[in-house]
Amino acid sequence: MKSIPQKVVKQLLLCSIFFIVFSASAQQATVTSGGDATGSNGSSSYSIGQVAYRNATGTNGSINQGVQQPFEIFTLGNDDFPEIQLMMSVYPNPTTSFVMLTLQNYSLEKIHFELFDLNGRLIQSQSITTSETPIAMEHLASAVYLLNVMEQNKILKTFKIIKNN
């Protein structure tokens, strides 16, 4: 039986290592958890701990793809007041501490918000005196909340906020 020359063994080993290094693919991020979410409007896969993302903006809103969103916000009912917008901001990032209520092109006179849980219990009520009002959410459990923006006793707009944590 003939033995393989040492030079050929080294070349085969080098080629094997080269092939493994350049053909291997790996995750872009190390994530701590993840899963799939489904609802009446579609489904999505998510991961927790992913730092790479891409921002996409369209006429119906924007999404940061690849980043777990701590809140899901929906406008309920008719949108008779499109100038009232609930925009999500987090301080510091990442966290689930605040949502930012933003009112644009609307008089702030006699405007306030009321935050309710799904049992109808009033969680928080506050006058709106500036165009951007932070609403503290860090003390609240993961659940669904309703936010009414009101002028005197008339509901102008209702938002459904889902706090995922």
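# Close-up views of a predicted model

**View A. Arg-121 and its salt bridge partner****.** Arg-121 counts as exposed, at 54% relative accessibility. This structure is a predicted model. The side chain of Arg-121 meets that of Asp-117 in a salt bridge, with 3.0 Å from N to O. Asp-117 is buried, and its relative accessible area is 9%. The pair thus joins an exposed residue to a buried one, because 54% lies over the 50% cut-off for exposed and 9% lies under the 20% cut-off for buried. A search of the whole structure finds one salt bridge. Side chains of opposite charge can pair when their charged atoms come close.

**View B. Lys-163, buried without a salt bridge****.** Lys-163 is found in strand S12, which covers residues 154-163. Which side chain of opposite charge is nearest to Lys-163? Glu-138 is, at 7.1 Å. A salt bridge needs the charged atoms within 4 Å. What does the side chain of Lys-163 reach at 2.6 Å? One target is the backbone oxygen of Met-137, at 2.6 Å. Another is the backbone oxygen of Leu-140, also at 2.6 Å.

**View C. The largest nonpolar core****.** This core holds 17 residues. Leu-101, Leu-115, Ile-128, Ile-135, Met-137 and Leu-147 touch the most other members. At least two core residues come from each of strands S7 (98-103), S8 (111-117), S11 (144-151) and S12. Ile-135 has contacts beyond four places away in sequence, among them Leu-101, Phe-113, Leu-115 and Leu-147. Ser-97, Phe-98, Val-99 and Gln-124 are touched by Ile-135 as well.

**View D. Strand S7 beside strand S10****.** S7 is mostly covered, with five of its six residues buried. Five bridges join S7 to S10, residues 132-136. The two strands run antiparallel. Phe-98 stands opposite Ala-136 in S10.

**View E. Strand S8 and its two partners, S11** **and S9****.** How many of the seven residues of S8 are buried? Seven are. Ile-111, Phe-113, Leu-115 and Asp-117 point one way from S8. His-112, Glu-114 and Phe-116 point the other way. Both sets are buried. S8 pairs with S11 in the antiparallel sense over seven bridges, and His-112 stands opposite Met-150 in S11. S8 also pairs antiparallel with S9, residues 122-127, over five bridges. There, Glu-114 stands opposite Ser-125. S8 and S9 form a hairpin with four residues between them. In its turn, Gly-120 has a positive phi of about 85 degrees.

**View F. Positive phi in two loop residues, Lys-110** **and Gln-152****.** Lys-110 sits in the loop between S7 and S8. Its phi is positive, about 60 degrees, although Lys-110 is not a glycine. Is Lys-110 buried or exposed? Lys-110 counts as exposed, at 53% relative accessibility. Gln-152 lies in the loop between S11 and S12. Phi of Gln-152 is near 55 degrees, again a positive value in a residue other than glycine. Gln-152 is partly exposed, with a relative accessible area of 47%.

How values were computed
Residues are numbered from 1 along each chain as its sequence is written. This is a predicted model: local features need pLDDT of at least 70, side-chain atom pairs count only at pLDDT 80 or more; totals for chains, interfaces and linings use all residues. Side-chain values use heavy atoms; hydrogens and water are left out. Buried means under 20% relative accessible area, exposed over 50%, partly exposed in between (1.4 Å probe, protein chains only). Lys and Arg count as positive and Asp and Glu as negative; His and the chain ends are not counted. A polar contact is a pair of N or O atoms within 3.5 Å; within protein, one must be able to donate a hydrogen and the other to accept it, and residues adjacent in sequence count only if both atoms are side-chain atoms. A nonpolar core is a set of buried Ala, Val, Leu, Ile, Met, Phe, Trp, Tyr and Cys residues joined through side-chain atoms within 4.5 Å. Contact means heavy atoms within 4.5 Å. Two strands pair if DSSP finds at least two bridges between them.
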